[in-house]
Amino acid sequence: MLSHLLSWLPGDLPLAWGSGLLDAALQGLVGGCGVCVLCGLVKIFLYVQCLNDPDRQAEKETIRRQWPLLDQLHLLVLTGIFTVVGSRVAALVVLEFSLRAVSTLLALSKGAHSSQLFLLCQYSLGCGISCSLGYLQEGAPHRTWNLLLSVGLATLLTHLVWRLGRHVFTMYELHCKERYCGVCLFLLSSWHGIPRLLCNALKVTFLVADLAAVALINRDFLTTSEAVRFWTPLTICYTLLVIYMQEEQRQNPSEQMAYQTVVVRMAGLLVLLMTVGRWLDIANVLVSLVGELWCLARVGVMLGVCRKQGNFLEKLGICHELALNRRMFDGVSPSPDSNLLIKNLIFDDVPVRVYWPKTHVTGQRRGVLYFHGGMGLLGTFRGYERVCRNIAEGSDSVVVCVGFRLAPEHPYPIQVRDCLTAAVHFLKHAEEFGVDSNHIVIVGDSSGGTYTAAVAQELVTRVDLPRLRAQILIYPFLQALDFNLPSYQQNHSCPVISKKVALQLGFRILGKKVIGVDAIMKNAHVSEAMRVKYRKWVSADLIPAEFKLRSFEPPVLAPFSEELHEMMKPVFETRFSPLLVEDEVIRQLPETFLLTCEYDIFRDDGLLYKKRLEDNGVPVTWYHAQEGFHGIFLFLGYPYLEDQTSRDSFKHVMHFLKSL
């Protein structure tokens with residue numbers, strides 16, 4: 001027991017990365033100076049920007065009135081914090097911020113910048129500078145003298161930036177009007193370049209800091225595989241956390257949300273280090289929390305100025321964080337597959353990617369149309385490359401992945417129309433692709449499952465086309481009538497997609513402004529007449545009892561809102577909510593495979609659709625992933641991410657396909 005407790009303590013109890021307190025303090029001072037230089041330049045940039053805008057003169061005065069002595073206090077406090085924080089915690093802070101920074105920069109358009117990002121990186125920048133100095137100077141013969149030289153250069157640069165700031169805040173406006181003073185004239189012509197300068201400097205700084213951080217953390221691992229097992233889940237968790245935090249900040253870009261984000265990030269770091277760290281690391285997380293909160297408090301005025309410009313991601317980027325989410329959703333391209341012939345084609349103006357197995361076959365193959373998930377906002381051929389390849393090879397089928405247009409650029413119902421267009425083309429020309437037109441199956445996951453159900457319903461009336469052989473619905477969304485079914489209650493905060501995020505994304509699909517989400521979560525958009533009409537198909541009473549064991553209570557519904565009802569009318573269409581289609585259509589549907597996941601808000605949509613199909617005599621094969629969650633198919637083909645639940649679910653899909 002004693003040896004176990006001692007293992008949590010550092011061997012030599014250093015205060016930071018240096019061999020002594022002096023080295024640690026010098027590194028902390030350099031880190032603090034770096035933060036002060038960053039804040040000073042951002043402050044100058046925001047001041048000049050407000051000065052040039054007649055509508056923002058009040059913000060200009062707010063920036064100018066800041067107490068100069070706070071800069072010295074800021075430097076002193078940060079130096080103390082960077083002196084005592086530990087190397088492992090600092091390294092993780094640096095890497096966590098790098099992930100957030102990369103995600104934000106990817107979401108911005110080319111050449112754009114984010115003043116808020118500069119201000120939010122203060123603590124991470126200081127940790128990165130201190131961490132890099134400690135790593136680069138490790139074992140140097142004149143370490144302390146080198147650090148003293150670094151301190152001299154850093155303090156000189158800090159002094160010059162502070163001096164420039166004082167000059168700009170007092171004389172810039174007058175000097176620019178009178179065309180007097182070379183410094184002010186130079187700033188007049190080049191102030192736009194400050195963000196680019198800072199961005200390039202931060203890229204270099206964090207590149208070095210990331211390398212140093214990875215090296216410092218990897219010292220604790222004996223083998224490369226052990227390090228990979230640590231980094232892979234850590235990266236996934238932080239990626240999901242980044243997406244969640246960015247969505248929340250976009251919806252509520254307030255000062256309170258900024259502080260809340262810091263607490264959430266540090267709490268995640270605390271949980272991680274409680275499992276793989278030492279007691280001193282845990283104490284250093286608390287120090288880091290104090291440092292982050294102090295940095296936010298210090299630049300509160302400037303953050304307020306940035307927020308008044310509007311949502312900075314929407315203002316400076318193409319479509320806020322959506323571009324980032326699309327890139328992350330696409331994942332990493334797999335290596336070439338010699339067993340498949342893959343071509344990009346066009347089906348009546350709809351792009352598709354076709355996968356042909358190269359194995360010899362007598363006669364024609366089965367055809368599979370795949371409609372990818374992503375809530376109609378995300379997803380490309382690249383993101384579903386592994387899924388489609390696995391289906392083509394696993395079932396020896398010709399697979400066609402449909403690249404329908406995405407919202408919000410192309411609002412609903414464009415997605416369903418593109419899927420229907422591609423399906424009709426494939427059914428008409430199946431023989432040209434070596435496919436038996438009577439053995440075509442449509443498949444879709446998540447929102448792709450919605451489109452699969454909607455297209456199958458549309459096609460039952462098309463007597464001019466071959467009949468679909470089957471449809472496969474993988475954890476589909478099927479109704480927007482009741483957001484208080486047991487699965488919505490039990491899984492309202494589950495990872496990948498929560499109840500609130502799903503509703504917010506639904507507004508984007510429709511191309512509408514996000515309003516009344518909390519009321520819609522309580523079904524305020526549904527009239528009493530509609531509740532009565534569809535109660536026979538959509539009701540918690542129809543869900544089997546075993547799915548109500550994990551905390552289900554009859555919901556307290558919000559009062560009906562005529563405004564929300566009118567705004568949400570499109571969600572009651574059967575193309576958006578296939579579960580609401582009449583029995584006359586249901587009974588004509590082809591044989592169906594349904595996959596549901598226990599930890600998924602859409603679980604009960606699948607269960608209700610299964611019941612409707614069975615009640616109308618449609619053959620149904622159902623597989624429930626007891627340990628599954630929404631989106632498990634996206635992990636197929638990724639080492640360390642693909643788990644047994646994903647593999648088992650895919651095997652059942654393949655077994656159904658090959659049985660047709």
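Start by selecting residues 603-615, helix H26: its 13 residues reach 19 Å from the first C-alpha to the last, close to the 18 Å expected at 1.5 Å a residue. Keep in mind as you go that this is a predicted model.

**Around H26**

Colour the helix by burial and you will find it mostly covered, with 10 of the 13 residues of H26 buried. Early in the helix, the buried residues include Arg 603, Asp 604, Asp 605 and Gly 606. Further along, Leu 607, Leu 608, Tyr 609, Lys 610, Arg 612 and Leu 613 are buried too.

What do the buried residues of H26 pack against? Bring up three helices to see part of the answer: H19 (447-459), H20 (486-490) and H25 (583-586). Then add the strands E6 (470-474), E7 (591-599) and E8 (620-629), which also pack against those buried residues. Before you leave, click on Gly 617, which follows H26 and has a positive phi, near 80°.

**On to Arg 386**

Next, select helix H17, residues 385-395, and pick out Arg 386 within it. Is Arg 386 buried or exposed? Arg 386 is buried, yet it has no salt bridge. Show Glu 642 as well: this is the nearest side chain of opposite charge, and it is 8.2 Å away. A salt bridge needs a side-chain nitrogen within 4 Å of a carboxyl oxygen.

To see what Arg 386 does touch, leave out residues up to four places away in sequence and display Val 332, Ser 333 and Pro 334 on one hand, and Leu 636, Gly 637 and Tyr 638 on the other.

**A patch on the surface**

Now turn on the surface and select Tyr 135, Leu 136, Val 204 and Val 208, which form a nonpolar patch with about 350 Å² of accessible area together. Helix H7 (122-136) and helix H10 (194-218) are the elements that give two or more residues to this patch. Zoom in on Val 208, whose place is in helix H10. Val 208 is partly exposed, since its relative accessible area is 33%.

**Stepping back**

Finally, zoom out to the whole chain, with its 27 helices and eight strands. Of the 660 residues in the chain, 55% are buried. If you draw the contacts between residues at least 6 apart in sequence, 80% of them join residues at least 24 apart. With the surface of the whole chain on display, you are looking at about 28900 Å² of accessible area, 61% of which belongs to carbon and sulfur atoms.

Terms used. Residues numbered from 1 in each chain as written. Predicted model: local features only at pLDDT ≥ 70, side-chain atom pairs only at ≥ 80, totals over all residues. Heavy atoms only, no water. Helix = DSSP H or I, 4+ residues; strand = E, 2+ residues; numbered from the N terminus. Expected span 1.5 Å × (residues − 1). Buried < 20%, exposed > 50% of the residue type's maximum accessible area, 1.4 Å probe, protein only. Contact = heavy atoms within 4.5 Å. Lys, Arg positive; Asp, Glu negative; His and termini not counted. Areas by Shrake-Rupley, 256 points an atom, 1.4 Å probe, with all protein chains shown as cover. Patch = residues over 30% accessible without salt bridge, like charges linked within 9 Å, V, L, I, M, F, W, Y side chains within 5 Å.
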